[in-house]
Amino acid sequence: MIEQVAIIGVGLIGSSLGLALQDVTEVKSVVGIDNNSRHVQEALDIGAIDEEATLKEGVQEADLVVLAVPVGIIKDLVIKIAPYLNSETIITDVGSTKLQLVKQLEEIVEDNTYIGGHPMAGSEVSGPSGADKYLFENAIYALTKSNKTDEEALAKLKNLVKQLGAQPLIISPQAHDQIVGITSHLPHVVAVSLMEVVADYSKESDLLTSLIGGGFRDTTRISAGDPTMWKDIFLNNRDQVLEGIDAFSNNLAELRELIASKNEVKLKDKLAQIKEARTKIPMKKKGLLPSNYELILTLKDKPNQIGKVATLLGVAKINIQDIEVLKVRDKGGTVRLSFNQEEEQEKAYSLLKEAEYKVIKK
Ligand SMILES: NC(=O)c1ccc[n+]([C@@H]2O[C@H](COP(=O)([O-])OP(=O)(O)OC[C@H]3O[C@@H](n4cnc5c(N)ncnc54)[C@H](O)[C@@H]3O)[C@@H](O)[C@H]2O)c1
Ligand SMILES: O=C(O)C(=O)C[C@]1(C(=O)O)C=C[C@@H](O)C=C1
């Protein structure tokens, strides 16, 4: 049984985990350790942890120790806590890369069980202020398996992950890093690079920011992520990230060539192929893509417009899973509504159309 949990690093992921653990019946207490006292206080205030602890106290009593700090400092912290661990304690982390960590940590904590973890859910916000109790709901949660993995500990952790509402995915550290190198780390590289190009152009023209639209927002949101966290991820999964950048650069060069040579047929073919590939990616799993069933709604610039929509759908017992105001223009607003189920999306669409809202399905 996992009754006592110690979370080292009560930032976005650590505090989200702490909040979610409050609803897991077998867990009786969650203590938090962080070198940022403001974060500790915030985590206490939002109820993500029951109490603060020192590294020594926290891990001595714990059945499970979760490291939720940037990847680059996990190893040193595990070296620090190793002398205090009791032999039954399971150690895990939530770091975004796995291969190097699993190799290093399995050696450091020989007498204990280390299982690498990575919830495929997060955001560009850091610290406990961005914590979300439901962050892991339906998210894929990778747990690593190597030839040293203790099956009993893995089963315990898998069970806990399920109780968080997430979907455990048992995977080798190698396969994990190869995949997220392409699905998570490369998109971040691209977003950063794109953002830099736009930022450079915006120095030359004030008008640039007036003409910025949804495409920019969709493709660059993640570039606002924490620099330390992403520096560590890129360096820890260096080979995969470099491979991704090379593939991306080649692809970009091909696209450039089709545009430069005005090759209408091939350009359109390529765009059609990519459109099809994008449509085929399953959107339902949070871990794969965070959008579920969505409607994009344009509202007038008047008070209580969102309230009216929420009431209309609420009366019809349609649960809005998420609302996001897309900052596309100053006056009026475009709002993205997400639903968990297709039927809810359909029903909401019909109701909003009937009420003469400007609405499109995504
Ligand atoms: N943000 C995401 O989208 C996301 C998603 C999945 C996994 N991850 C991984 O989760 C981990 C944490 O990311 P986050 O987004 O929660 O970052 P965060 O910056 O919000 O939180 C990190 C916390 O660790 C604390 N910390 C730093 N050094 C410390 C030390 N030496 N001792 C104790 N505490 C220390 C910080 O004060 C902070 O509270 C990273 O390894 C990241 O790769 C992040
Ligand atoms: O949605 C986001 O903000 C994220 O970038 C989260 C995201 C990702 O999906 O790539 C980023 C890194 C983490 O390791 C896991 C999740």
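Let's start with one small pairing: G32 sits opposite E52 in β3. Two strands count as paired if DSSP finds at least two bridges between them, and the names come from DSSP runs numbered from the N terminus, with helices being H or I runs of at least four residues and strands E runs of at least two. Before going on, keep in mind that this is a predicted model, where local features need pLDDT of at least 70, side-chain atom pairs count only at pLDDT 80 or more, and totals for chains, interfaces and linings use all residues. Residues are numbered from 1 along each chain as its sequence is written, while chains are lettered from A and ligands numbered from 1 in the order in which they are written.

Now zoom out a little. Strand β3 (residues 51–52) pairs with β2 in the parallel sense, over 2 bridges, and V31 has E51 of β3 as its bridge partner. To get from β2 to β3 the chain passes through helix α2 (residues 37–45), and this β-α-β crossover is right-handed (with the strands pointing away from you, the path from the first strand over the helix to the second runs clockwise).

What does β2 pair with over 5 bridges? That partner is strand β1 (residues 4–8), again in the parallel sense. One of the matches here is Q4, whose bridge partner in β2 is S29. The route from β1 to β2 goes through α1, and this β-α-β crossover is right-handed too. Strand β2 (residues 29–33) is largely enclosed by the rest of the structure, because 4 of its 5 residues are buried. Buried means that 20 or more other C-beta atoms lie within 10 Å of a residue's own, exposed means 12 or fewer, and partly exposed is in between, with C-beta atoms placed from the backbone.

These strands belong to an open sheet of 6 strands, which runs in the order β3-β2-β1-β4-β5-β6 with parallel pairing. At the edges stand β3 and β6 (113–115), each with a single partner strand, so one side of each has no neighbour in the sheet.

On to the whole protein. It is divided into domain 1 (4–172), domain 2 (176–280) and domain 3 (293–361), with bounds that come from an automatic or database domain assignment. The centres of domain 1 and domain 2, taken over C-alpha atoms, are 31 Å apart. Where they touch, 15 residues of domain 1 are in contact with 15 residues of domain 2 (contact means C-beta atoms, placed from the backbone, within 7 Å). On the domain 1 side, α4, α5 (99–108) and β8 (140–144) each supply at least two residues.

So where does ligand 1 lie? Both domain 1 and domain 2 give residues to the shell around ligand 1, so it lies between them. Of the 30 residues around ligand 1, G9, G11, I13, G122 and S126 come nearest; a residue is near if its C-beta atom, placed from the backbone, lies within 6 Å. Elements that each supply at least two residues of this shell include α1 (12–21) and α9 (227–236).

Finally, look at two loop residues. N304, in the loop between β10 (293–299) and α12 (305–315), has a phi near 60°, a positive value in a residue other than glycine. E356, in the loop between α13 (342–354) and β13 (358–361), has a positive phi as well, near 65°. N304 is exposed, with 9 other C-beta atoms within 10 Å, and E356 counts as exposed with 7.

How values were computed: Contact = placed C-beta atoms within 7 Å.
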